[in-house]
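I opened the notebook with three items to look up: cavities, copy symmetry and the DNA surfaces. Short entries follow.

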Protein chains: 2
Amino acid sequence: MPRAAAALAAPPDSRARVFAAAAAEFAARGYAGANVDRIARAARVNKAMIYYHYKSKAALYRAILRDMFDAVGTRVRAVAAAPLAPEEKIRGFVDAIAAEGEARPHFPPIWLREIAEGGAHVDQATLEYIRHVLQTLGGILREGQRAGRFHPANPLLIHAGIVAPLMLFLATASLRRKLGRGVPEITRDAVVTHIQRITLAVLEGRIA
Amino acid sequence: MPRAAAALAAPPDSRARVFAAAAAEFAARGYAGANVDRIARAARVNKAMIYYHYKSKAALYRAILRDMFDAVGTRVRAVAAAPLAPEEKIRGFVDAIAAEGEARPHFPPIWLREIAEGGAHVDQATLEYIRHVLQTLGGILREGQRAGRFHPANPLLIHAGIVAPLMLFLATASLRRKLGRGVPEITRDAVVTHIQRITLAVLEGRIA
DNA sequence: GTCTATAAATAGATAGAC
DNA sequence: GTCTATCTATTTATAGAC
């Protein structure tokens, strides 16, 4: 989905505008709550155009899902392939997830919802992309273990410890505003650094 | 909502059955995806009964939200009020969230979805309950700081570090099955212990 | 590629009998 | 408290003209 992905910034053609508008709509209201008319309006296209470009609302949604996880997978693999120490790769992994979550604001909310419904809309291709991310992290962990710098650890647990708080933070900007005063401020960098430190502390066995 | 809450196990009256069926439906499909006819069928009541007991689909959903956060708030305050060392209270806090997430299987998915839509359905009462949970954690942190055992920390960050991975773990049981082989197993207790350790390590400044 | 008009199904909500 | 029947609005999707 390179065309759609590249178009997130300033959608030139109607297909890319549909993609971008749909991503925002699905993020804000979920698959069931999303409305094709509203997507059309936001994309400044006629509703029929949506069905010209995509087979159905479901197919459009799945395209967005695939694009999301494909992008994270790619970014994360780049980190794993770079000539870096395992510790740096872990930091890079955290950064990659955060960067992707920020590059695509629809990513965190959609991700949370997919978790909530047990990946109901996740097709085989997307499932592969998700596996890739997990396997990439697993590879970094094994590399660190072979180098004698990481203790053995469950990749799933490490992954959850990284991704969950990140997505939560990125997705709760508006909710935090709603909670208002009494809830202390917090910055993106603080969160990323915090997660990097914790993850490395766990991997290096510095946590009793 | 004590009546509805107590009825989660074996719903005796129709109102409680509606409540329980609706909780499951909203958890599985989200607010927009939930279907009142389906709720009626699952609750073994006539659809009109739902509107007899609750003003609308939205009101029914809000009642479930309130019940959830009220319950966590209560359980968490009990931990904070107990005569325990701050460290034990933190462990208890983690346990309380996990226990509540397990006692109400609809809790984790609904929680994730509410985060995703920025608390769109959260009314004032529910907002209060959520604040209570945050404030309770804040109280435990201050107590530990006064006792010289905890370093200063952002309650929101600590809270996210606890709740996010827990909810994620509890909500991903089915998705983990879908990912299938290649994804290592993981137990509830391992997750809880892991989160307790990490949180305490952070609070005690054992993480560089 | 783009638009109008509309088909067809779904779903929230209620009136009114019992 | 419970049920039948139905109204009404919404919404996905498409046929067909340009």
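**Entry 1: cavities.** I classed the lining of the second largest cavity and got eight nonpolar, no polar and no charged residues. For the classes I took Ala, Val, Leu, Ile, Met, Phe, Trp, Tyr, Cys and Pro as nonpolar, Asp, Glu, Lys and Arg as charged, and the others, Gly among them, as polar. The lining consists of Trp111(A), Leu112(A), Ala164(A) and Leu168(A), with Trp111(B), Leu112(B), Ala164(B) and Leu168(B). I traced the elements that give two or more residues to this lining: α7 (107-116) and α9 (155-171) of chain A, and α7 (107-116) and α9 (155-171) of chain B. Elements are DSSP runs numbered from the N terminus, with helices (H or I) of at least four residues and strands (E) of at least two.

I noted a volume of about 40 Å³ for the second largest cavity. The count is two cavities of 30 Å³ or more. A cavity here is a set of points, on a 1 Å grid over the protein atoms alone, where a 1.4 Å probe fits but cannot get out; lining residues have an atom within 4 Å of a point. Points are joined across faces, edges and corners, and the volume is the space filled by probe spheres set on them.

**Entry 2: ground rules.** This is a predicted model, where local features need pLDDT of at least 70 and side-chain atom pairs count only at pLDDT 80 or more, while totals for chains, interfaces and linings use all residues. Residues are numbered from 1 along each chain as its sequence is written, chains are lettered from A and ligands numbered from 1 in the order written, and side-chain values use heavy atoms, without hydrogens and water.

**Entry 3: the two copies.** I laid chain A on chain B: RMSD 0.1 Å, a turn of 180° and a shift of 0.0 Å along the axis. The copies are therefore related as by a two-fold rotation axis. The fit is least squares on C-alpha atoms of residues with pLDDT of at least 70 in both. I also compared interfaces: 100% of the interface residues of chain A are interface residues in chain B too, so the copies meet through the same surface. Contact means heavy atoms within 4.5 Å.

**Entry 4: DNA strand C.** Which residues come nearest to DNA strand C? I found Asn46(A), Met49(A), Val36(B), Lys47(B) and Tyr51(B), out of 13 around it. Near means a heavy atom within 4 Å. Sugar and phosphate make up 57% of the strand C atoms within 4 Å of the protein.

I then listed polar contacts (N or O pairs within 3.5 Å). A side-chain N or O atom of Lys47(B) lies 2.7 Å from a base nitrogen of strand C. Phosphate oxygens of strand C are met by a backbone N or O atom of Ala34(B) at 3.0 Å and by a side-chain N or O atom of Asn35(B) at 3.1 Å. α4(A) gives the most to this surface, with four residues.

**Entry 5: DNA strand D.** Again 13 residues surround the strand, the closest being Lys47(A), Tyr51(A), Lys57(A), Asn46(B) and Met49(B). Phosphate oxygens of strand D lie 3.1 Å from a polar side-chain atom of Asn35(A), 3.0 Å from one of Tyr51(A) and 2.9 Å from a polar backbone atom of Lys57(A). The largest share of this surface, three residues, comes from α4(B). By class I logged six nonpolar, four polar and three charged residues.

Note on methods. Polar contact = N/O pair within 3.5 Å; in protein donor to acceptor, adjacent residues only side chain to side chain. 1 Å grid on protein atoms, 1.4 Å probe; cavity = no way out; pocket = protein on both sides within 12 Å on 5 of 7 lines; lining within 4 Å.
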